[in-house]
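This report describes a protein model, from its charged pairs to its overall form. Please keep the sequence and the structure in view while reading.

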Amino acid sequence: MRGVYLDYAATTPLDPEVREAMRAVEEVFGNPSSIHRFGQEARKVLEEARERVAGALGARPREVVFTAGGSEADALALLGPALARGRGHVVSTAVEHAAVLGALRLLERLGFAVTLLKPDSLGMVYPEQVEEALRPDTFLVSVMTANNELGNLYPVREIAEVAHRHGALFHTDAVQAVGQVPFRMDEVGADLVSLSAHKFYGPKGVGALLVRQGVELLAVVPGKQEGGRRGGTQNPVLAHGMAVALELALRRLPEEAARLAALRRRLEAGLLAVEGVELNGHPERRLPKLVNVTVKGADGEALLLAMDLLGVAVSSGSACSAGNLEPSHVLLAIGRSYAEAKASLRFSLGRFTTEEEVDRAVAVFREAVARARA
C-alpha cells in the first residue's frame with residue numbers, strides 16, 4: 001500500500017510545472033559573471049528570476065540575494081549586519097529555527113549580547129516582550145513569521161514597528177510562511193527576510209535573503225556576486241525554478257490554504273480524540289497545514305518508528321534536527337517536560353494530501369500510540 005507523506009514542513013516534492021520550467025533552461029550553463037554570450041545568457045535567466053521573486057514578495061530586484069537555502073539566508077541576515085556594526089545587542093526568541101539560534105550563539109562568542117524571549121505556554125511571543133527587551137545598543141530584532149514545529153503565526157508587522165521605533169533592524173525567518181499564508185516584505189515592514197524554495201514545491205539548494213535597500217551587511221561568504229553580499233557562482237536554473245515555484249504557490253494560495261485548513265481540522269479532531277493526546281501551539285494563530293501533538297505516557301522513539309512502519313511519514317520536530325535524539329528545543333521552551341517533548345509528533349499537510357490519507361493517518365496514529373504505550 002502506498003505510504004502517506006505528512007511531513008511537508010520538512011520539504012515538499014518538486015512541482016511538475018517547476019520541473020518542466022527548469023528543463024526549459026537546463027542547457028543554460030554559462031557563468032553569470034562572464035561577459036561572453038554564454039555568460040550573458042545565464043545572467044538573463046538569473047536576473048529575470050530575481051525580478052520575479054522580488055515582484056511576488058513586495059521587494060525590489062536589487063534587494064534579492066540568492067543563497068543556497070533558508071539556513072544560509074538566516075545566517076547572513078544575522079551575521080551580516082552584526083559584522084558590519086562590530087558590537088551591540090540582538091533580540092530574538094527561544095523558538096527560532098536552529099539556523100537562527102546557531103548564528104546567535106556565534107554572535108555571543110564574538111562578543112555580541114543576545115536576548116532570547118521566552119514564549120508563553122501556547123508558544124506565542126508578543127510585541128510587548130520585544131519592547132521590554134530593547135536596549136540602547138539593540139541594532140537587530142529577529143522573530144520568525146511562522147514556527148516550523150508548532151505552526152504558530154507571530155505578529156511580525158507589529159514587532160517590526162516596535163523595532164523601527166527604537167531604530168533597530170527587523171529580520172524575519174519566513175521560510176515556513178512564504179507560499180502558505182499571505183506575505184509581502186513591504187507590508188510586514190521587514191528589513192531582512194529569509195526564504196527557501198523547497199518549502200513551496202521548488203528545488204532544493206536555493207533560497208534567498210531579501211535585504212531592504214540601505215541595510216549594510218558584510219558577506220559571510222566573501223565575493224563579488226550578488227552585489228558583494230554573497231560570493232559564489234550563482235545557479236540560474238535553480239533561481240528560475242524558485243521564481244516559478246513561488247509564483248505558482250502564490251497563485252494557488254487562497255484555495256489551497258482553505259483546503260488545508262479543513263484537512264487540518266479533520267486531522268486534529270482525530271488525533272485529539274485519542275486519550276492522553278494534547279495539542280502543542282496556538283489553537284488558532286497557526287499555519288493551515290500543521291498539527292503538533294504530545295502523547296502522554298508514550299515512548300517517543302517507538303511512536304515515530306511505529307508510524308513509519310505502518311506507512312505514515314511524520315516527524316518529531318524540525319528536519320534540521322533529524323538524527324538528534326534530544327527533544328525539541330521549541331517544546332521545551334513552551335514548558336513541555338523532557339519526556340513529553342520526546343513523545344511529540346509533527347503532522348504537516350500539503351498539496352497532494354487527501355481526506356483519505358488524513359483518515360488513514362488517524363487510524364495509524366491510534367495503533368502507533370497503543371504500541372508505544374505497551
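## Salt bridges

The predicted model contains 25 salt bridges, counted with a side-chain nitrogen of Lys or Arg within 4 Å of a carboxyl oxygen of Asp or Glu. One of them joins the side chains of Asp7 and Arg346, with an N to O distance of 3.3 Å. Asp7 is placed in the loop between β1 (4-5) and α1 (16-23), whereas Arg346 belongs to strand β12 (residues 344-348), so this salt bridge ties together parts of the chain that are 339 residues apart in sequence. Asp7 and Arg346 are both buried.

A second pair consists of Arg351 and Asp15, whose closest N and O atoms are 2.4 Å apart. This salt bridge also links distant parts of the chain: Arg351 lies in the loop between β12 and α12 (355-372), Asp15 lies in the loop between β1 and α1, and the two are 336 residues apart. Both residues of this pair, Arg351 and Asp15, are buried. They also take part in a network of salt bridges that links Asp15, Glu17, Arg252 and Arg351.

## A salt bridge within helix α12

Glu367 and Arg371 provide an example within one helix. Their side chains meet in a salt bridge at 3.0 Å, N to O. Both residues lie in helix α12, where they are four residues apart, or about one turn of the helix.

What is the relative accessibility of Glu367, and how is the residue classed? The value is 37%, and Glu367 therefore counts as partly exposed, since that class lies between under 20% for buried and over 50% for exposed. Arg371, with a relative accessible area of 44%, is likewise partly exposed.

## Residues with positive phi

Two residues that are not glycines have a positive phi. For Tyr201 the angle is about 70 degrees, and for Glu226 it is about 50 degrees. Tyr201 is found in the loop between β7 (192-196) and β8 (207-211). Glu226 is found in the loop between β8 and α8 (236-272).

Are these two residues buried or exposed? Tyr201 has a relative accessibility of 7% and so counts as buried. Glu226, at 5% relative accessibility, also counts as buried.

## The surroundings of Pro32

Pro32 is located in the loop between α1 and α2 (37-57). Its relative accessibility is 2%, so Pro32 counts as buried.

Which residues are in contact with Pro32 when its neighbours within four places in sequence are left aside? They are Gly39, Ala42, Arg43, Leu46, Thr233, Gln234 and Pro236. In addition, the C-alpha atom of Pro32 is separated by 8.1 Å from that of Lys44, a residue 12 places away along the chain.

## A nonpolar surface patch

On the surface, Leu83, Leu106, Leu110 and Leu218 form a nonpolar patch. Together these four leucines have about 330 Å² of accessible area. One of them, Leu110, lies in the loop between α4 (98-109) and β4 (113-117).

For the protein as a whole, the accessible surface comes to about 15,700 Å². Carbon and sulfur atoms account for 53% of that surface.

## Overall architecture

The secondary structure of the protein comprises 12 helices and 12 strands. The radius of gyration is 21 Å, close to the 21 Å that the globule rule gives for 374 residues, so the protein is as compact as a globular protein of that length. Taken along the principal axes, the C-alpha atoms fill a box of roughly 65 × 50 × 35 Å. Of the 374 residues, 58% are buried. Among contacts between residues at least 6 apart in sequence, 74% join residues that are at least 24 apart.

The domain assignment divides the protein into domain 1 (4-12 + 253-373) and domain 2 (16-249). The contact between them takes 32 residues from domain 1 and 33 residues from domain 2. The centres of the two domains, taken over C-alpha atoms, are separated by 27 Å.

Methods
Residues numbered from 1 in each chain as written. Predicted model: local features only at pLDDT ≥ 70, side-chain atom pairs only at ≥ 80, totals over all residues. Heavy atoms only, no water. Patch = residues over 30% accessible without salt bridge, like charges linked within 9 Å, V, L, I, M, F, W, Y side chains within 5 Å. Areas by Shrake-Rupley, 256 points an atom, 1.4 Å probe, with all protein chains shown as cover. Rg over C-alpha atoms; globule rule 2.2 N^0.38 Å. Buried < 20%, exposed > 50% of the residue type's maximum accessible area, 1.4 Å probe, protein only. Contact = heavy atoms within 4.5 Å. Domains from an automatic or database assignment.
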